[in-house]
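Here are some short exercises to work through with the model open beside you. Try each task before you read its solution.

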Amino acid sequence: MLALPVLSMISAVPVQLSEISITSGHGLVVFFLIGLFGGAHCIGMCGPLVATYAERMETEDRWSGTLTLYEVRQHTLFNLGRTMSYALIGCVFGTAGALLYGTIGLAGLLKPVQGAVGICIGVAILVMGFTRLAGYRQGAVEGIIAGSGIGSVFARTYTVISTRIDRWVNGIGIVGLGALHGLLPCMLLYPAFLYAFAQGSPVYGLLSLGALGLGTIPSVFLYGTVIQSVSARQRQVVHYGLGVLFIGLGYVLLAMGLMRFGVMLPLPDIPYYQPIAESEAVA
């Protein structure tokens, strides 16, 4: 009985697959670039854990200083686990947004709520972007969040990881270690999760966070297998690039939100999925 109301709420926000597929040429590229730029951020935040995994891998036939196929396989599985985790969490946030819009749509208040969500989340992402351009200190916000009321979630995740490294790192279980990284505090992921929520599409959330995860793979994979250090200066330069990308995402959401209140701001003339700016037939 509960399934019907839930399905009706989700269906109140129509998701055109043709629109979603368009994002693979535009919107998803932005998320991939965020992941690509953010690889250095991932190294700074998760590098110690990745280095620990590399040290714990059992390679009996290893030549001194030689990268083995076994290590390549394990690091590949680890990064696939991370990417799948990001994608699934993105899907959850997109579903939550769809449920919100569906519920409000049934009440006849979709237009102002969509506008408010777009404005609030757009401003939040803009602030994150400008913070990076102003000299963001890596780990500062993550530390505050980890020490907040939800810090216990992160603490339990760290505990699960640390107690299972030896058991999981040398088998298929390393996929699970990678998946657990989606539950660690990360200022690279938070804006993307918020964007997926604002879009209100499970499919878009899945694809966009999956693209971001794929973008982070090259740098994290190389760090775990070859490179063991990235300078603070290099990470700071990367944060400037992330700042520009976040400002772009935030501006799009802000403009789409204001559009629902009749305030028109210029938007790039490209096709992208934007339920916040859909026609009045939705409301």
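## Exercise 1: a pair of helices

Helices α5 and α6 are roughly antiparallel to each other, because their angle falls in the class over 145 degrees (under 35 counts as roughly parallel, 65 to 115 as roughly perpendicular and the rest as oblique). This is a predicted model, in which local features need pLDDT of at least 70 and side-chain atom pairs count only at pLDDT 80 or more, while totals for chains, interfaces and linings use all residues. Residues are numbered from 1 along each chain as its sequence is written, and side-chain values use heavy atoms, with hydrogens and water left out.

**Task.** Find the angle at which α5 and α6 pack, and the residues that make the contact.

**Solution.**
- Step 1: locate α5 at residues 69-106 and α6 at residues 110-133. Helices here are DSSP runs (H or I, at least four residues), numbered from the N terminus.
- Step 2: take the angle, which is about 150 degrees, with the axes 8 Å apart. Axes are lines fitted to C-alpha atoms, for helices over the stretch in contact, and angles run from 0 to 180 degrees between N-to-C directions.
- Step 3: list the contact (heavy atoms within 4.5 Å). Helix α5 gives Leu100, Tyr101, Ile104 and Gly105, and α6 gives Leu110, Val113, Gln114 and Val117.
- Step 4: sort these residues into six nonpolar, two polar and no charged. In this scheme Ala, Val, Leu, Ile, Met, Phe, Trp, Tyr, Cys and Pro are nonpolar, Asp, Glu, Lys and Arg are charged, and the others, Gly among them, are polar.

## Exercise 2: two residues of these helices

**Task.** Are Met128 and Arg82 buried or exposed, and what do they touch?

**Solution.**
- Step 1: apply the classes, where buried means under 20% relative accessible area, exposed over 50%, and partly exposed in between (1.4 Å probe, protein chains only).
- Step 2: Met128, in α6, is buried because its relative accessibility is 15%. Leaving out residues up to four places away in sequence, Met128 touches Met187, Pro191 and Leu194.
- Step 3: Arg82, in α5, has a relative accessible area of 2% and is therefore buried. With the same sequence neighbours left out, its contacts include Gly178, His181, Gly213 and Val220.

## Exercise 3: a charged pair

**Task.** How many salt bridges does a search of the whole structure find, and which residues form a salt bridge?

**Solution.**
- Step 1: a salt bridge needs a side-chain nitrogen of Lys or Arg within 4 Å of a carboxyl oxygen of Asp or Glu. Side chains of opposite charge can pair when their charged atoms come close.
- Step 2: the search gives one. Arg56 pairs with Asp166, and the closest N and O atoms are 2.8 Å apart.
- Step 3: Arg56 belongs to helix α4 (residues 39-56) and Asp166 to helix α8 (residues 151-168), so the pair ties together parts that are 110 residues apart in sequence.
- Step 4: check accessibility. Arg56 is partly exposed at 37%, whereas Asp166 is exposed at 55%.

## Exercise 4: a covered helix

**Task.** How many residues of α10 are buried?

**Solution.**
- Step 1: α10 spans residues 189-199.
- Step 2: nine of its 11 residues are buried, so the helix is mostly covered. Among them are Leu189, Tyr190, Phe193 and Gln199.
- Step 3: look just after α10, where Gly200 takes a positive phi of about 65 degrees.

Terms used
Helix = DSSP H or I, 4+ residues; strand = E, 2+ residues; numbered from the N terminus.
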